[in-house]
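Biologist: Before I work with this model, I would like a close look at a single part of it, namely the salt bridges and the helices that carry them. Please take me through that part carefully, and then place it among the other features of the chain.

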Amino acid sequence: MKKKKRLTSTAKYRLTKSKIFFFAVCTLSAITMIPLFLILWELVKKGYKQFNLSLFTEVAPTSMEAMLARISDSPIPGGILNGITGTLLILAIAIVIAIPIGIMVGVYLAENPKKRMASFVRSLSDLLQGIPSIVIGVVVYIWIVIPMSGYSALAGSIALAIMMLPMIIRSTEESIKMLPTSLKEAGLALGGSYTTVVLRVLLPSAFSGLFTGSLLAISRVMGETAPLLVTALGASTVNWDATSPTSAISLLIWEFYNDPNLANLVWSSSLLLLLFVLGINLFAKSIAKKWKIQ
């Protein structure tokens with residue numbers, strides 16, 4: 001009887017402790033989410049007034065146009081079309097540069113984990129992830145902007161591509177490591193070359209991890225401003241020339257912030273950028289869930 005009572009009291013104690021811990025975790029999680037909801041509420045409350053079709057179809061207004069609109073108490077004319085197109089151009093070039101290089105390096109690290117070169121590259125990748133974005137922008141300014149004698153979307157893309165590399169490399173390496181060795185052995189046993197096995201067996205099998213890592217890398221750099229200030233500079237018109245100065249949504253937000261007459265556009269531009277990043281993250285999560293990549 002005493003033994004049963006002891007077991008019962010122990011079980012109740014553990015159950016009580018488990019419930020306390022569960023509620024503590026839920027409470028702390030709710031507290032950490034409060035700032036996020038406050039930010040979202042502030043952006044929606046102040047940004048919805050300028051969130052209209054013009055935001056997507058017209059270029060950024062001048063300070064004079066915005067001042068006249070404020071005097072007449074009407075919505076600020078214009079939009080951020082030049083920032084949207086510039087963001088798409090810069091990101092497209094950055095993706096073309098970063099994803100192939102990141103995947104190749106990640107495959108090398110996963111296939112040669114004990115080599116000195118792999119350890120060195122892995123350390124460089126980890127170090128690169130901790131470098132401030134403005135430093136990368138200054139380095140690209142010296143490498144690209146000065147030799148080209150001008151700011152350009154290409155220079156901004158290279159800066160963002162460098163920032164994307166660590167996440168793509170790490171996600172590729174971990175995704176390849178998660179695959180069973182029998183996949184590679186089966187491909188080699190069937191007479192396939194090492195390159196063929198990597199390209200047609202390993203990479204397709206790790207596709208979801210590679211794709212998710214790439215999307216998260218894109219969302220991580222989409223809102224960067226500092227490296228673009230010293231590489232892409234910005235433009236008041238829509239520009240599809242990669243060798244010319246180009247605007248971006250983050251650059252426009254910085255310009256709007258520094259002009260009191262355009263301050264209202266900060267909220268709508270920030271809301272749009274946040275929706276872009278949120279959409280990419282949700283899409284990446286859905287891909288990971290579908291393919292069961294944890």
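**Salt bridges and their surroundings**

Modeller: In total, nine salt bridges are counted in this structure, which is a predicted model, and the account below takes up some of them in turn.

The part that deserves the closest look is a network of salt bridges that links R122, D126, R170, E173, E174 and K177. Within this group, R170 pairs with D126, and their closest N and O atoms lie 2.8 Å apart. This pair ties together distant parts of the chain, since R170 belongs to helix α7 (residues 153-178) and D126 to helix α5, with their positions 44 residues apart in the count. Neither partner is fully covered or fully open: R170 is partly exposed, because its relative accessibility is 31%, and D126 is likewise partly exposed, because its relative accessible area is 38%.

Another pair in the network is E173 with K177, where the closest N and O atoms are 3.1 Å apart. Here both residues sit in helix α7, four residues apart, which corresponds to about one turn of the helix. The two ends of this bridge have unlike surroundings, as E173 is buried, with a relative accessible area of 0%, whereas K177 is partly exposed at 43% relative accessibility. For E173 the assignment follows directly from the cut-off, because buried means under 20% relative accessible area.

A further salt bridge joins the side chains of K45 and E42, with an N to O distance of 3.8 Å. These two residues are three apart in helix α1 (residues 2-47), so about one helical turn separates them. Both are partly exposed, K45 with a relative accessible area of 38% and E42 with one of 25%. The distance of 3.8 Å still counts as a salt bridge because the rule asks for a nitrogen within 4 Å of a carboxyl oxygen.

Helix α1 also holds Y13, which counts as exposed because its relative accessibility is 52%. From Y13 to V277 there are 264 residues in sequence, and their C-alpha atoms are 45 Å apart in space.

Helix α5, which carries D126, also takes part in a nonpolar patch on the surface. That patch is formed by M117, F120, L124, L127, I131, I134, V135, V138, V139, I142, W143 and I146, and together these residues have about 1,100 Å² of accessible area. The elements that contribute two or more residues to the patch are α5 (116-129) and α6 (133-148), and the largest share, seven residues, comes from α6. One of the patch residues is V138, which lies in helix α6 and counts as partly exposed because its relative accessibility is 38%.

Between α6 and α7 there is a loop that contains S149. Although S149 is not a glycine, it has a positive phi of about 60°, and it is exposed, with a relative accessible area of 69%. Elsewhere in the chain, L233 also has a positive phi, of about 70°, without being a glycine. The place of L233 is the loop between α11 (226-229) and α12 (249-257), and at 40% relative accessibility L233 counts as partly exposed.

Helix α8 (residues 181-189) includes T181, which is exposed, with a relative accessible area of 59%. T181 and V266 are 85 residues apart in sequence, and 51 Å separates them in space from C-alpha to C-alpha.

Finally, there is the second largest pocket, whose volume is about 260 Å³. Its lining is made up of K46, K49, Q50, R70, D73, S74, P75, I76, N264 and W267, and these residues divide into three nonpolar, three polar and four charged. Among the lining residues, K46 falls within the span of helix α1, residues 2-47, the helix that also holds the bridge between K45 and E42.

Definitions and conventions. Residues are numbered from 1 along each chain as its sequence is written. This is a predicted model: local features need pLDDT of at least 70, side-chain atom pairs count only at pLDDT 80 or more; totals for chains, interfaces and linings use all residues. Side-chain values use heavy atoms; hydrogens and water are left out. Patches are made of residues with over 30% relative accessible area and no salt bridge: like charges are joined within 9 Å, nonpolar side chains (Val, Leu, Ile, Met, Phe, Trp, Tyr) within 5 Å. Accessible areas come from the Shrake-Rupley method with a 1.4 Å probe; for residues, only the protein chains shown count as cover. Buried means under 20% relative accessible area, exposed over 50%, partly exposed in between (1.4 Å probe, protein chains only). On a 1 Å grid over the protein atoms alone, a cavity is a set of points where a 1.4 Å probe fits but cannot get out, and a pocket is an open set with protein on both sides within 12 Å along at least five of seven lines; lining residues have an atom within 4 Å of a point. Grid points are joined across faces, edges and corners, and a volume is the space filled by probe spheres set on the points. Ala, Val, Leu, Ile, Met, Phe, Trp, Tyr, Cys and Pro count as nonpolar, Asp, Glu, Lys and Arg as charged, and the others, Gly among them, as polar.
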